[in-house]
Amino acid sequence: GFDPERDTDALVDSLGDAAELVRPTVRCSSAPTMLEAGCKVNVVPDRAEAGIDGRVLPGAEKEFAATLDALTGDRVQWEYQHRSRPLQSPVDAPVFAAMREALQEFDPGAHVVPVCLTGGTDAKQFAELGIRGYGFSPLRLPPELDHGALFHGVDERVPVEALRFGARVLDRFLRGPD
């Protein structure tokens, strides 16, 4: 039978270098990022607080809350400090097809696939106005470049030719076909 956990992990593993980009996007996640307790080193605190950064997939808000309830138990209270709904934009939209056409004009073997972002996006504010958003950052990166290690790093960079490629694709996308 179909085992979503095993089969999803196997599918992600089959993506090779792209697996590390996709892995954090196939299930909800949370990470404790802030802890606060006590006021003196020799006094046991009577309470503690934690800040948890939760990333929730579209349609999984209730499951995420139920999981937090189960993990924290009866002695812990939790509440959202900030909450925005997860977004999902349709892949059968004309704009998605236009992105695919622009990319494939310069890279005929390219595959355009939807991906969940693990970071924040301004698209959430536009979604409140009824505007659907898509991230489209076409770069042709050399296989030997460890882009994941450079992403938001101290020396974040991409090769100039990758930017030139992206500029050509974006120009084609924005202007449309000749």
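Visitor: What makes Arg175 and Asp171 partners within helix α7?

Guide: In this predicted model, Arg175 and Asp171 both sit in helix α7, which covers residues 160-175. They are four residues apart, about one turn of the helix. Their side chains meet, N to O, at 2.6 Å.

Visitor: Why is the contact between Arg175 and Asp171 called a salt bridge?

Guide: The cut-off asks for a side-chain nitrogen of Lys or Arg within 4 Å of a carboxyl oxygen of Asp or Glu. Arg175 and Asp171 are 2.6 Å apart, N to O, so the pair fits that rule.

Visitor: How do you know whether Arg175 is buried or exposed?

Guide: Look at the relative accessible area, which is 67% for Arg175. Exposed means over 50%, so Arg175 counts as exposed. Asp171 has 36%, and a value between 20% and 50% is called partly exposed. Therefore Asp171 is partly exposed.

Visitor: What does Glu161 form with Arg168?

Guide: Glu161 forms a salt bridge with Arg168, and the closest N and O atoms are 3.4 Å apart. That value is within 4 Å, so the name applies here too. Glu161, at 42%, is partly exposed, and Arg168, at 35%, is partly exposed as well.

Visitor: Which residues are linked in a network of salt bridges?

Guide: The network links Glu161, Arg164 and Arg168.

Visitor: Why can one say that the salt bridge of Arg27 and Asp9 ties parts together?

Guide: The closest N and O atoms of Arg27 and Asp9 are 3.2 Å apart. Arg27 lies in the loop between α2 (19-22) and β1 (29-37), while Asp9 belongs to helix α1 (residues 4-13), so the pair ties together parts that are 18 residues apart in sequence. Arg27 has 29% relative accessibility and is partly exposed; Asp9, at 29%, is partly exposed too.

Visitor: How many salt bridges does a search of the whole structure find?

Guide: The search finds nine. The pair of Arg27 and Asp9 is a salt bridge, and so is the pair of Arg175 and Asp171.

Visitor: What makes Leu21, Val115 and Leu117 a nonpolar patch?

Guide: Leu21, Val115 and Leu117 form this patch on the surface, with about 320 Å² of accessible area together. A patch residue needs over 30% relative accessible area. Leu117 has 61%, so Leu117 passes that cut-off. With over 50% needed for exposed, Leu117 also counts as exposed. You can find Leu117 in the loop between α4 (94-106) and α5 (123-127).

Terms used
Residues numbered from 1 in each chain as written. Predicted model: local features only at pLDDT ≥ 70, side-chain atom pairs only at ≥ 80, totals over all residues. Heavy atoms only, no water. Helix = DSSP H or I, 4+ residues; strand = E, 2+ residues; numbered from the N terminus. Buried < 20%, exposed > 50% of the residue type's maximum accessible area, 1.4 Å probe, protein only. Patch = residues over 30% accessible without salt bridge, like charges linked within 9 Å, V, L, I, M, F, W, Y side chains within 5 Å. Areas by Shrake-Rupley, 256 points an atom, 1.4 Å probe, with all protein chains shown as cover.
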